[in-house]
Amino acid sequence: MRFTQIEECIRLSLFAVDMLPRNPPLQPGEELLLQLVRDDAAGLGKLDSRIEFALIFERVEEDPTGQISREHWPNAGKTWKYILHCSETVPTIPFSLEKLGLSKDYGGQTNPYYIEPRDAARIAPYLKGKAQPTELPALAGVTGLLSA
């Protein structure tokens, strides 16, 4: 996700995509990680913290004319087919997927992408309320924890 689009996603708990995952389809309550694209993260000095927020998926709305896309992301220079409405935006302990040694490379995904269960288990402690307090020092340094 581009830095210029992430603020609206965080503020309004929205996400826009061209394709919906089919196998399995998105389910209400699923977490969607908001990951900055590598170039934007590098420019902001956030290569180790490309993900700072997640959305909790609620429902899909089609945007066949692009009107909703243009309303929320007028400077994006494109429109999307679907708007994902989410019930909330939750902070994460800042992290980057590529730093976790996952079984697959999820780094370049722009659409919601199924995360394998073993990888989801490695990601879960970084999400709000999923880590035990004793685990926190191993997940991030003081700055990352305070940022969360």
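A disulfide is a pair of cysteine sulfur atoms within 2.5 Å. The model shown here is predicted: local features need pLDDT of at least 70, side-chain atom pairs count only at pLDDT 80 or more, and totals for chains, interfaces and linings use all residues. Residues are numbered from 1 along each chain as its sequence is written, and side-chain values use heavy atoms, with hydrogens and water left out.

**View 1. Cys9 and Cys86 do not form a disulfide.**
A search of the whole structure finds zero disulfides. The sulfur of Cys9 has its closest cysteine sulfur in Cys86, at 8.7 Å, which is too far for a bond. Cys86 is likewise in no disulfide, the nearest cysteine sulfur being that of Cys9. Cys9 is buried, with a relative accessible area of 1%; buried means under 20% relative accessible area, exposed over 50%, and partly exposed in between, with a 1.4 Å probe and protein chains only. Cys86 also counts as buried, at 9% relative accessibility.

**View 2. The whole protein has six helices and four strands.**
Helices (H or I, at least four residues) and strands (E, at least two) are DSSP runs, numbered from the N terminus. Starting at that end, the elements follow the order α-β-β-α-β-α-β-α-α-α. The protein has 148 residues, of which 40% count as buried. It exposes about 8,700 Å², and carbon and sulfur atoms supply 51% of this area, computed by the Shrake-Rupley method with a 1.4 Å probe. A contact means heavy atoms within 4.5 Å. Of the contacts between residues at least 6 apart in sequence, 70% join residues at least 24 apart.

**View 3. Helix α1 has a buried side and an exposed face.**
Helix α1 spans residues 3-12, and its buried residues are Gln5, Ile6, Glu8 and Cys9. They lie on the same side of α1 because they cover an arc of only 165° around the axis, taken from the directions from the helix axis to the C-beta atoms. The face turned away from that side carries the exposed residues Thr4, Glu7 and Arg11. What do the buried residues of α1 pack against? Their partners are the strands β1 (14-17), β2 (31-35), β3 (51-62) and β4 (82-95), together with helix α3 (67-72). After α1 comes Ser13, with a positive phi near 55°.

**View 4. Glu8 and Arg11 form a salt bridge in helix α1.**
A salt bridge is a side-chain nitrogen of Lys or Arg within 4 Å of a carboxyl oxygen of Asp or Glu. The whole structure holds eight of them. In the pair shown, the N to O distance is 2.7 Å. Glu8 and Arg11 are three residues apart in α1, so about one helical turn separates them. An α-helix has 3.6 residues a turn, so residues three or four places apart point the same way. Are the two partners buried or exposed? Glu8 counts as buried at 14% relative accessibility, whereas Arg11 is exposed at 54%.

**View 5. Glu98 and Arg50 join two loops through a salt bridge.**
The side chains of Glu98 and Arg50 meet at 3.1 Å, N to O. Glu98 belongs to the loop between β4 and α4 (117-123) and Arg50 to the loop between α2 (38-43) and β3, so the pair ties together parts that are 48 residues apart in sequence. Glu98 is partly exposed, with a relative accessible area of 30%. Arg50 is buried, with a relative accessible area of 3%. Through salt bridges that share partners, Arg38, Arg50 and Glu98 belong to one network.

**View 6. Lys46 and Glu52 form a salt bridge.**
The N to O distance between the side chains of Glu52 and Lys46 is 2.8 Å. Glu52 is partly exposed, with a relative accessible area of 21%. Lys46 also counts as partly exposed, at 23% relative accessibility.

**View 7. The side chain of Ser96 reaches the backbone nitrogen of Arg50.**
Ser96 sits in the loop between β4 and α4 and is buried, with a relative accessible area of 1%. Which residues does Ser96 touch, not counting residues up to four places away in sequence? They are Lys46, Leu47, Asp48, Ser49 and Arg50. The side chain of Ser96 lies 3.0 Å from the backbone nitrogen of Arg50. A polar atom of the Ser96 side chain is also 3.3 Å from the backbone nitrogen of Ser49. Polar contacts are pairs of N or O atoms within 3.5 Å; within protein, one must be able to donate a hydrogen and the other to accept it, and residues adjacent in sequence count only if both atoms are side-chain atoms.
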